[in-house]
Amino acid sequence: MSRIKIVDLEVHYCVGISDAERAKPQRLLITVDMEFDFNMAAQGDRLNKTIDYFAVAQEILKYGNGRNWKLVEKVAVSVAELVKSEFHPESVTIEVKKFVLPQPGYVSVSWTQS
């Protein structure tokens, strides 16, 4: 199976346990790893035979508008469900990085949807 990846897409979503933390969008980095057989696209050099990663990125960028979550875990599951239902990869793994603690570079969670 082949893979299409979008690495560290910067989004601004309202996420956090407290109301104050969710009041303002926070910077998150989302990595999307999609399993998809793009052999037909490669053979024919045709976009309509693969997953349009630009379209995926645009959907994820606007997905947070008007939404908020308490947990980054829920963000990962929600984005995976969006990608799976709209773009139909065989499976999708979503990693969400949040910059909430001062000591580590980031905290991340990953979720795979088959």
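## Exercises on a predicted five-strand model

The accessible surface of the protein comes to about 6800 Å², of which 50% belongs to carbon and sulfur atoms. The model is predicted.

**Exercise 1. Establish the order of the elements along the chain and the order of the strands in the sheet.**

*Solution.*
Step 1. The inventory holds four helices and five strands.
Step 2. Read from the N terminus, these elements follow the pattern β-α-β-α-α-β-α-β-β.
Step 3. In space, the five strands form an open sheet with the order β3-β1-β2-β4-β5 and mixed pairing. Strands β3 (68-69) and β5 (107-113) are its edges, since each pairs on one side only.
Step 4. Within the sheet, β2 (residues 26-35) and β4 (residues 91-98) run antiparallel and are joined by eight bridges. Thr 31 stands opposite Glu 95 of β4.

**Exercise 2. Determine which strands helices α3 and α4 touch or lie across, and at what angles they run.**

*Solution.*
Step 1. Helix α3 (residues 53-63) packs on the sheet, where β1 (3-15), β2 and β3 are touched. The direction of α3 makes about 15 degrees with that of β1.
Step 2. Helix α4 (residues 72-87) lies across β1, β2, β3, β4 and β5. Relative to β4, helix α4 runs at about 145 degrees.
Step 3. For the protein as a whole, 58% of the contacts with a separation of 6 or more are between residues 24 or more positions apart.

**Exercise 3. Classify the ring pairs Tyr 13 with Trp 69 and Phe 99 with Tyr 106, and state whether each residue is buried or partly exposed.**

*Solution.*
Step 1. A pair of aromatic rings is described by the distance of the centres and the angle of the planes. The whole structure contains three aromatic pairs.
Step 2. For Tyr 13 and Trp 69, the centres are 5.2 Å apart and the planes stand at 35 degrees, so the pair is tilted. The two residues are 56 residues apart, Tyr 13 in strand β1 and Trp 69 in strand β3, and the pair thus links distant parts of the chain.
Step 3. Buried means under 20% relative accessible area. Tyr 13, at 1%, is therefore buried, and Trp 69, at 7%, is buried as well. Tyr 13 and Trp 69 form one aromatic cluster with Tyr 63.
Step 4. For Phe 99 and Tyr 106, the centres are 6.2 Å apart and the planes stand at 70 degrees, so the pair is edge-to-face. Phe 99 has a relative accessible area of 32% and is partly exposed; Tyr 106, with 40%, is partly exposed too.

**Exercise 4. Identify the ring over which the charged end of Arg 27 sits, and the ring whose face Arg 67 lies over.**

*Solution.*
Step 1. The charged end of Arg 27 sits over the ring of Phe 99, at 4.5 Å from its centre.
Step 2. Arg 67 lies over the face of Tyr 63, 4.0 Å from the ring centre.

**Exercise 5. Locate Asp 45 and His 88, and describe their phi values and accessibility.**

*Solution.*
Step 1. Asp 45 belongs to the loop between α2 (39-44) and α3. Its phi is near 55 degrees, a positive value in a residue other than glycine.
Step 2. The threshold for exposed is over 50% relative accessible area. Asp 45, at 73%, therefore counts as exposed.
Step 3. His 88 is placed in the loop between α4 and β4, with a positive phi near 60 degrees. At 53% relative accessibility, His 88 counts as exposed.

Terms used: Residues are numbered from 1 along each chain as its sequence is written. This is a predicted model: local features need pLDDT of at least 70, side-chain atom pairs count only at pLDDT 80 or more; totals for chains, interfaces and linings use all residues. Side-chain values use heavy atoms; hydrogens and water are left out. Two strands pair if DSSP finds at least two bridges between them. Contact means heavy atoms within 4.5 Å. Axes are lines fitted to C-alpha atoms, for helices over the stretch in contact, and angles run from 0 to 180 degrees between N-to-C directions. Rings of Phe, Tyr and Trp (its six-membered ring) pair if their centres lie within 6.5 Å; planes under 30 degrees apart count as stacked, over 60 as edge-to-face and the rest as tilted. Buried means under 20% relative accessible area, exposed over 50%, partly exposed in between (1.4 Å probe, protein chains only). A charge sits over a ring if NZ of Lys or CZ of Arg is within 6 Å of the ring centre and within 35 degrees of the ring normal. Accessible areas come from the Shrake-Rupley method with a 1.4 Å probe; for residues, only the protein chains shown count as cover.
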